[in-house]
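Please look at the structure shown below and follow a few questions about why its parts are described as they are. Each answer sets a value beside the meaning of the word.

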Amino acid sequence: MVDSRLEQKFEEIGAQMQDKFLARSDVYSDASNVVWDASPAVLVEEAVQNNEGVLMANGALRIKTGKYTGRSPEARFIVDTPDIHDEIFWGDINKPISVEAYESLKKRVAGYLCNRRLYVFRGLAGADRRHSRKFMVINELASQNLFAHQLLVRPTAKELEAYGDPDFVIYSAPGFRVDPERDGTGSDAAILINLQERVIIIAGTAYCGEIKKSVFSVMNYLLPVEDDVLPMHASVNMNPKTKGTTVFFGLSGTGKTTLSAAPGRLLIGDDEHAWADDCVFNIEGGCYAKCINLDPEGEPEIYNAIRFGSIVENVTLDAESREPDYSSDYYTENTRVAYPVDFIPNAIPNGVGRDVPDVIIFLTADAFGVLPPISRLDTNGAMYHFITGFTSKVAGTERGITEPQPTFSTLFGAPFMPLEPSRYAAMLGERIKKTNARVYLINTGWTGGPYGQGSRMKLKYTRRMVEAAMSGVIETAPFVHDERFNLDIPQFCQGVPEKVMNPRDTWQDKVAYDEQAERLAQMFVENVETDHPDLAEEIKAAGPHPLG
């Protein structure tokens, strides 16, 4: 019964999808059932009429996502099909789910959706059309379709006319509730990625970030396997004069969006990119920035991007004026705004850098407060820190994270990388050697003590160090080698107090610093022994060594 209803429904909405996407149909234009490729104005209007959200004083659409205010990694599964089984790096992150469980849940989600008004957006992932994929996003919420519209690459009129069958279809049903026991998900939400059928199902969660990161996970599989292109959990900007690009790797909350949207640089994108032989390009067409403590002086580009067409998640509003309170974490600390990348005045419209990267920056948020604010890495050191990916998960980005938690996130993006980590690392290493890119580790975390005692590194200092790294001026400073962390630390950066450059100098209790630093160095060693036992000796030697 469900199959026939579903087939009939999608015959009506004209999805033009192959049988494997659950449908076949002819072109259909009855907007009473389905809203096709709607403009932001139409989607905002529908969202307000449907009571999905309200307009803020600045014109943006504010929604509340309910129970789920961050990603739910425990609810994410990859369907274990024979063709991809040996390719996937299975484990706690890439968890398998059977084809039978997937088919069962898919039918129920499809049956749920076919009784509702739907919003369909046909977009692209990958600004470089040589490597892009077509993603059709089917939503029950107009607000989530607006999110998809603003975050994916928007096709031109000609591209949309010739769109044809999508490469992937996303079914997003936040109103559907998964049965954890029956469906084997352990949660009343589910994110299922079927790389064989080319379908993504997102059910039971209204957090828009699940759409974004599901697309990213798929591209992190397709680009290396099919295109020999390196996907990166990173933001990228470009020098308008030299055309050189800088890549900022880092988990959410480490500063990718803030630091890449810098005055005097052209923004390519804030979170997801790919490195091809002759360029670096944005996988997305929009940005998804954190709003907590946002202010117009510290982050003017993001602040001014929140306007009509933007969609804001879980920000507190004044009931009368609808003015936002960005300092409030009433709903969550993980307040977010999504907007098209061209809402940033210095953004590159086509999302493609003109050259390969010449500077690479690894952003770490050290909650122990012992890593230097900036240090230089050679190729082996770069490989070591890319493989280990030490940072802290900041509050709110995942369910249950209420304060910074030190973690090793391989490739600075482990939750989204379906292949074996060494595959991505080898691709990065080859590119660093080929381009002679300069690599730096920058700590945007704590200084003067650990979380709870020290303070977060001042943004103005980090900006100065990033600027010096991008321009190359930092290389004119004297460097000191830290034996414990095996890092070369510059001793001077204009605009930054010299005391800040060496973290031990910022601690009142030097013994406490040494104890904390020794603890972190040992954590690095144990992480490699446990998670990366086959790491090449020359790369392993480039990492921290406890002094004992």
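Q: What makes up the open sheet, and in what order do its strands lie?
A: In this predicted model, the open sheet has 8 strands in the order β1-β6-β7-β8-β10-β9-β4-β5, and the pairing is mixed.

Q: Why are β1 and β5 called edge strands?
A: Strand β1 (34-36) and strand β5 (95-97) each pair on one side only, and this is what marks the edge strands. From one strand to the next, the twist averages 25°.

Q: How do you know that β6 and β7 pair?
A: Pairing asks for at least two bridges between two strands, and 7 bridges join β6 (residues 118-125) to β7 (residues 133-139), so the two count as paired. These two strands run antiparallel, and R122 stands opposite M136 in β7.

Q: Why are α4 and α7 called oblique to each other?
A: The axes of α4 (residues 142-151) and α7 (residues 209-227) come within 9 Å and cross at roughly 40°. Angles under 35 degrees would count as roughly parallel, and 65 to 115 as roughly perpendicular; the angle fits neither class, and α4 and α7 are therefore oblique. The crossing in which α4 passes α7 is right-handed.

Q: Which residues make the contact between α4 and α7?
A: Helix α4 contributes Q144, F147 and L151, while α7 contributes G209, I211 and K212. By class, this contact has 3 nonpolar, 2 polar and 1 charged residues.

Q: What makes the direction of α7 roughly antiparallel to β7?
A: Helix α7 runs at about 160° to β7, and angles over 145 degrees count as roughly antiparallel. Among the strands that α7 lies across are β4 (76-79), β8 (168-173) and β9 (190-194).

Conventions. Residues numbered from 1 in each chain as written. Predicted model: local features only at pLDDT ≥ 70, side-chain atom pairs only at ≥ 80, totals over all residues. Heavy atoms only, no water. Axes fitted to C-alpha atoms, helices over the stretch in contact; angles between N-to-C directions. Helix = DSSP H or I, 4+ residues; strand = E, 2+ residues; numbered from the N terminus. Left-handed = near helix turned anticlockwise from the far one by under 90°. Contact = heavy atoms within 4.5 Å. Nonpolar A, V, L, I, M, F, W, Y, C, P; charged D, E, K, R; others polar.
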